[in-house]
Amino acid sequence: MPSSSLLQVTALCIILVCCHVNAFIATLPQAPYTTKSNSSPSTTSLSVSELHIPGYAKTKLAFVLPNEEQNAQTAIATLVKPRDLVQERTYDMSDYSSQIPYQDGHLLHKTNSAVFTPEECQLIIDEAEQKASEMGWTTKRHGNFPTTDLPLAELPQTLQFFRYALVERIYPLLRSQFGQFLPDGGKNLRVADGFVVKYDAEGGQTELKPHRDGSVLSFNILLNPSSEFEGGGTWFASLDDAVGIEQGEVVSHSSSLLHGGHGITSGKRYIMVCFVILEGYDSWSMRFYNQVRNF
């Protein structure tokens with residue numbers, strides 16, 4: 001092919017690629033962050049918060065129950081009382097409320113009662129505050145949308161308790177809520193990152209701008225009573241409203257739903273946040289992520 005023709009073809013390819021990228025960008029939501037409670041609008045870029053699904057290969061290891069792969073679960077101790085064996089809880093649709101329909105299920109759920117006890121929640125807060133007094137709260141751990149938080153890997157008592165709580169309480173809950181459209185009913189769910197977040201109306205972080213998490217599912221658990229702060233909850237673009245919960249309750253959702261931490265106007269709000277992957281299903285996970293991101 002003559003060099004001039006080759007240059008023309010190359011230029012055409014570049015134009016087509018640029019048009020494709022611009023068309024993709026144009027499909028992303030551009031509206032400012034507003035809620036029904038008249039919070040101030042935000043013009044923060046609506047991008048993914050952190051690592052994407054394949055990047056969690058190493059971070060998930062902290063949340064693996066010892067000998068879990070061999071199903072050799074032995075005597076354990078939680079933060080509250082000793083127990084002999086891990087026993088998975090059972091859930092049905094009466095245990096949670098669901099919104100944002102998708103296929104034969106829903107993409108957003110909140111439990112109707114506490115999954116963690118007040119004592120368990122308070123012990124998590126106490127350990128986080130104790131650790132923060134030694135090393136400070138981290139504020140740059142999540143590059144695009146940072147929170148004032150401490151990773152559970154820095155909280156040994158909480159992590160020990162949480163490993164078993166995942167198997168006993170959280171994974172069965174998520175399988176009940178999302179199993180209709182997860183491969184193998186969600187048997188390979190795995191928390192890949194977990195952290196305690198602190199919102200503080202007196203000089204601290206009060207909200208988290210709208211974003212999408214880079215995992216399959218996300219959930220958060222309120223650790224302190226809602227009477228200790230004003231505002232709060234998890235805001236969802238699909239609802240144009242915030243979903244509030246009480247101490248120990250859980251909000252769970254598809255990670256690619258556009259959401260944010262609704263601002264508090266007084267007090268302090270503590271939550272545990274976790275990102276969940278589906279181990280062994282990276283390709284499916286990416287397809288699912290893109291299929292539901294605009295719901």
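Reader: How do strand S9 and S14 pair?
Author: This is a predicted model. In it, S9 (residues 229-231) and S14 are joined by 3 bridges, in the antiparallel sense.

Reader: Which residue of S14 stands opposite Phe229?
Author: Gly267 does.

Reader: OK. How many bridges join S8 to S14?
Author: Strand S8, residues 217-222, has 6 bridges to S14. The two run antiparallel. Leu217 stands opposite Val276 there.

Reader: And S6? How many bridges to S14?
Author: 11 bridges. S6 spans residues 189-200 and runs antiparallel to S14. Asp200 faces Lys268 across that pairing, with Lys268 in S14.

Reader: How many residues of S14 are buried?
Author: 11 of 15. S14 covers residues 264-278, and that strand is mostly covered.

Reader: Switching topic. How many residues are in the largest nonpolar core?
Author: 63 residues. Phe116, Phe162, Phe219, Leu223 and Met272 have the most contacts inside that core.

Reader: Which helix gives the largest share?
Author: Helix H3, residues 156-178. H3 supplies 10 residues of this core.

Reader: Why would nonpolar side chains be buried together?
Author: That is a general tendency in soluble globular proteins.

Reader: Back to Phe162. What is Phe162 in contact with, leaving aside neighbours within four places in sequence?
Author: Phe63, Phe116, Leu152, Phe219, Met272 and Cys274. Phe116, Phe219 and Met272 are also among the residues with the most contacts inside the core.

Reader: Where do Met272 and Cys274 sit?
Author: Both numbers fall in S14, residues 264-278. Phe219 falls in S8, residues 217-222.

Conventions
Residues are numbered from 1 along each chain as its sequence is written. This is a predicted model: local features need pLDDT of at least 70, side-chain atom pairs count only at pLDDT 80 or more; totals for chains, interfaces and linings use all residues. Side-chain values use heavy atoms; hydrogens and water are left out. A nonpolar core is a set of buried Ala, Val, Leu, Ile, Met, Phe, Trp, Tyr and Cys residues joined through side-chain atoms within 4.5 Å. Buried means under 20% relative accessible area, exposed over 50%, partly exposed in between (1.4 Å probe, protein chains only). Helices (H or I, at least four residues) and strands (E, at least two) are DSSP runs, numbered from the N terminus. Contact means heavy atoms within 4.5 Å. Two strands pair if DSSP finds at least two bridges between them.
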